[in-house]
Amino acid sequence: MSSNTGAETSACRTISGFERQLFERTLSCMARELVGYNTTIELRNEVEITGHVKHVDGLMNITMTGVVSRRPYGDPIHLEHIHIHSRNIRFVHIPDQINMRKAIVNQLDLHRHDSRLYGTKVREQYVQKKRSEREAIMEKLKKQQTNND
């Protein structure tokens, strides 16, 4: 049932601060690990959607391809792709081959904001670089003014 490829899960797009906050404080990070797997999602209106998970964003909106939609009383509907809004999701079935403890830790590590990279030393280096650039520009302007006089 698994068709997971490393290329699909290793791709990490930047997410907004709001998405990161929700991502770290909810289980949407768990759904992110499903990218590349075939799974079933049950919606609030009793519909089951089975297909290949292509994308999950920080708000847990899910995009799937090769979808079969099953209503409680009716024939299955085959769709090429579907986008499911997070508020419509009731349950997400997790494939047996995923170790969810490792998956959650892995996803949180991918998106964790490393304060060491954005600490005061980096800021001080940035400020110092900008000061030296401004001083160099000012020196050039002073030389141009003295040459013009």
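# A walk through the predicted model

At 47% relative accessibility, Glu-46 counts as partly exposed, and this residue is a convenient place to enter the structure, which is a predicted model. Glu-46 sits in the loop that joins strand 1 to strand 2, and its backbone has a positive phi of about 75° although the residue is not a glycine. Leaving aside neighbours within four places in sequence, the residues in contact with Glu-46 are Arg-70, Pro-72 and Arg-90.

One of these partners deserves a further look, since the side chains of Glu-46 and Arg-90 meet in a salt bridge, with 2.9 Å from N to O. Glu-46 belongs to the loop between strand 1 and strand 2 while Arg-90 belongs to strand 5, so the pair ties together parts of the chain that are 44 residues apart in sequence. Arg-90, at 37% relative accessibility, is partly exposed, and the structure holds 1 salt bridge. A related separation can be followed from Glu-46 to Ile-89: these two residues are 43 residues apart in sequence, and their C-alpha atoms are 9.9 Å apart in space.

With this corner in mind, the reader can turn to the whole chain. The protein chain has 5 helices and 5 strands, and, read along the sequence, these elements follow the pattern α-α-α-β-β-β-β-β-α-α. Among contacts with a separation of 6 or more, 52% are between residues 24 or more positions apart. Of the 149 residues in the chain, 30% count as buried, and the accessible surface comes to about 10700 Å², of which 51% belongs to carbon and sulfur atoms.

What lies in the interior? In soluble globular proteins, nonpolar side chains tend to be buried together. In this model the largest nonpolar core has 22 residues, and those with the most contacts inside it are Ile-41, Ile-49, Met-64, Ile-84 and Ile-89. The elements that give two or more residues to this core include strand 1 (38-43), strand 2 (48-56), strand 3 (62-70), strand 4 (77-84) and strand 5 (89-92), and also helix 3 (28-32) and helix 4 (100-111). Met-64 shows how such a core residue is surrounded, for, leaving aside neighbours within four places in sequence, its contacts include Ile-41, Ile-49, Val-53, Ile-82 and Ile-84, together with residues such as Thr-39, His-52, Lys-54 and Glu-80.

The loop between strand 2 and strand 3 offers two further residues to examine. Asp-57 has its place in this loop, and at 12% relative accessibility Asp-57 counts as buried. A polar atom of the Asp-57 side chain lies 3.1 Å from the backbone nitrogen of Leu-59. Met-60 is found in the loop between strand 2 and strand 3 as well, and at 18% relative accessibility Met-60 counts as buried, because the limit for that label is under 20%. Met-60 also has a positive phi of about 75° although it is not a glycine.

The last stop is at the surface, where Ile-137, Met-138 and Leu-141 form a nonpolar patch with about 280 Å² of accessible area together. Leu-141 lies in helix 5, which covers residues 120-148, and with a relative accessible area of 41% Leu-141 is partly exposed.

Methods: Residues numbered from 1 in each chain as written. Predicted model: local features only at pLDDT ≥ 70, side-chain atom pairs only at ≥ 80, totals over all residues. Heavy atoms only, no water. Core = buried A, V, L, I, M, F, W, Y, C linked by side-chain atoms within 4.5 Å. Buried < 20%, exposed > 50% of the residue type's maximum accessible area, 1.4 Å probe, protein only. Helix = DSSP H or I, 4+ residues; strand = E, 2+ residues; numbered from the N terminus. Contact = heavy atoms within 4.5 Å. Patch = residues over 30% accessible without salt bridge, like charges linked within 9 Å, V, L, I, M, F, W, Y side chains within 5 Å. Areas by Shrake-Rupley, 256 points an atom, 1.4 Å probe, with all protein chains shown as cover. Salt bridge = Lys/Arg side-chain N within 4 Å of Asp/Glu carboxyl O. Polar contact = N/O pair within 3.5 Å; in protein donor to acceptor, adjacent residues only side chain to side chain.
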